[in-house]
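Thanks for coming. I will go through one model, starting with the backbone and then moving to packing and empty space.

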Amino acid sequence: MKITARTLSGEICEVQIEGQNFNKIIPLKGDILDMPWIAPGLIDIQINGFAGIDFNRPLKSEEAWHHATQQLYAQGCTGFLIALITNREEGYRELLTGLTKQIQRDARNCLGLHMEGPWLNPDPGYRGAHRAEWMQKPDVRLLDDWKGIAGSLIKLITMAPEVDLDASLRVIHAAVDKDIRVFLGHSAAMGQALRSAVEAGAVGWTHLGNAVPATVPKFENVILHTLAQSGLYASLIPDGLHLPPHAFNVLARLLNQTNPSRLLLTTDAMAGAAAEPGGAYTLGEIEVEMGADGSARLPGSGRLAGSTLTPFQGVFLAERMAGFYLEDAWKAFSTRPASLLNFKHGLIEGNSADFCLLSPEKTPYLLATYHRGKCVYEAP
């Protein structure tokens with residue numbers, strides 16, 4: 001199969017696909033006006049649920065799995081991590097067992113699992129939508145339990161090291177030894193606690209600027225400490241709700257201007273994303289209220305509980321709010337998270353042919369999504 005298109009940086013190329021991989025990518029000269037854009041498939045490292053399906057509840061059927069993953073393909077997403085929020089130990093075991101069997105049977109675009117809990121800070125200012133009564137101190141035993149069920153599908157952990165720094169450092173070391181990435185989040189880690197976690201192997205911060213108390217000291221806060229920590233990735237949610245546009249602009253620009261860039265983008269999507277508006281949706285055992293502004297919130301508290309953002313919407317919203325090139329936003333939502341997960345991704349010969357074709361006339365408009373060399377979504 002051959003496709004002639006232009007990259008987001010403007011180069012024209014002929015992409016030759018053989019089997020599941022890019023065989024040759026040949027630069028061309030010519031008129032670019034009528035050619036589609038080609039870009040690597042989007043990679044989202046934090047999907048709680050999608051298209052009416054809540055991954056934090058046991059899957060009801062094979063059809064539910066196919067529906068959610070197909071709707072992610074329809075958003076240009078060729079890879080994602082299921083985010084499992086804080087749960088009881090037996091709840092984790094049930095979810096991990098069911099999801100592991102499903103992914104091993106038919107992974108589709110799922111790359112693995114992101115354990116967002118239970119090692120978070122239970123303080124009301126930091127816990128967000130997570131259940132404080134289910135949180136616990138970090139424990140290598142629980143990590144081993146997860147690995148025993150899901151094996152290499154455990155890709156990423158979010159934790160708050162200040163809850164018990166010694167125990168956290170043991171978990172971080174153990175996770176790194178098992179090739180699991182560690183992010184901090186829902187956390188008050190600053191100063192020595194933050195530095196110690198990074199020295200032990202933590203590499204990022206989950207949805208920076210969220211799960212932070214509304215009022216914090218102007219200099220001693222996790223946002224500034226994270227920005228000041230050299231080399232630490234940070235994910236942002238570009239929905240205009242988790243971070244107001246001016247705050248997103250500042251954080252995205254600061255993270256993106258480092259070399260290499262530290263900016264990652266994620267939706268933190270829950271079941272209400274790409275689903276019927278006005279429906280009743282859940283995040284695990286939590287009933288979530290859907291707002292007219294597209295927000296997902298805990299009833300009565302107003303706290304955000306994930307988002308209804310889709311990956312394809314998110315990359316263009318990020319471009320507009322940050323005011324930088326689409327290519328920069330796309331990298332933060334595709335090749336950079338893939339690199340974090342040690343997954344070869346991008347328009348490079350030999351890589352898996354996972355990519356999107358975009359309309360040059362209707363922007364943003366997704367023409368098609370390809371995964372492992374096959375068209376998995378085509379616009380009607």
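When I name helices and strands, I mean DSSP runs numbered from the N terminus, with H or I over at least four residues for a helix and E over at least two for a strand. This is a predicted model, in which local features need pLDDT of at least 70, side-chain atom pairs count only at pLDDT 80 or more, and totals for chains, interfaces and linings use all residues. Residues are numbered from 1 along each chain as its sequence is written, and side-chain values use heavy atoms, with hydrogens and water left out.

Backbone, then. Pro118 sits in the loop between strand S9 (110–116) and H3. The peptide bond that leads into Pro118 from Gly117 is cis, with omega near 10 degrees. Another cis bond runs from Asn259 to Pro260, with omega near 5 degrees. Pro260 belongs to the loop between helix H8 (245–256) and strand S14 (263–265).

Next, positive phi outside glycine. Ala51 has phi near 55 degrees and lies in the loop between strand S6 (49–50) and S7. Ala51 is buried, at a relative accessible area of 6%; buried means under 20% relative accessible area, exposed over 50%, and partly exposed in between, with a 1.4 Å probe and protein chains only. Asp268 is not a glycine either, and its phi is positive at about 55 degrees. Asp268 is in the loop between S14 and strand S15 (281–283), and it counts as buried at 7% relative accessibility.

Now Asp54, in strand S7 (residues 53–54). Asp54 is buried, with a relative accessible area of 9%. What does Asp54 touch, beyond residues up to four places away in sequence? The list is Asn48, Gly49, Ala271, Thr282, Leu283 and Gly284, where contact means heavy atoms within 4.5 Å. Asp54 and Thr282 are 228 residues apart in sequence, but their C-alpha atoms are 6.6 Å apart in space.

Ala322 is a similar kind of entry. It is found in helix H9 (residues 311–322) and is buried, with a relative accessible area of 0%. Leaving out residues up to four places away in sequence, Ala322 touches Phe248, Asn249, Ala252 and Arg253. The C-alpha atoms of Ala322 and His246 are 8.3 Å apart, with their positions 76 residues apart along the chain.

On to the cores. A nonpolar core here is a set of buried Ala, Val, Leu, Ile, Met, Phe, Trp, Tyr and Cys residues joined through side-chain atoms within 4.5 Å. The largest has 83 residues, and Trp146, Leu236 and Trp330 touch the most other members. H9 supplies the largest share of this core, six residues. A second, separate core has 13 residues, including Cys13, Ile17, Ile38 and Phe355. Back in the largest core, the contacts of Leu236 beyond four places in sequence include Leu208, Leu243, Phe248, Leu251 and Ala252.

Cysteines are brief. A disulfide is a pair of cysteine sulfur atoms within 2.5 Å, and a search of the whole structure finds zero. For Cys356, the nearest cysteine sulfur is that of Cys77, 8.7 Å away. Cys356 is buried, at a relative accessible area of 0%. For Cys375, the nearest cysteine sulfur is that of Cys356, 11 Å away. Cys375 is partly exposed, at 38% relative accessible area.

Last, empty space. The search uses a 1 Å grid over the protein atoms alone: a cavity is a set of points where a 1.4 Å probe fits but cannot get out, a pocket is an open set with protein on both sides within 12 Å along at least five of seven lines, and lining residues have an atom within 4 Å of a point. Grid points are joined across faces, edges and corners, and a volume is the space filled by probe spheres set on the points.

The largest pocket holds about 440 Å³. It is lined by 27 residues, and the closest to its centre are Gly128, Ala129, Asn210, Ala211 and Leu304. Helix H3 (124–127) and strand S18 (304–307) are the elements that give two or more residues to that lining; S18 gives the most, with three.

How many cavities of 30 Å³ or more are there? The count is one. The largest cavity has a volume of about 50 Å³, and its lining includes Asn56, Arg131, Trp134 and Glu285. Leu283 and Gly284, both in contact with Asp54, are also in the lining of this cavity.
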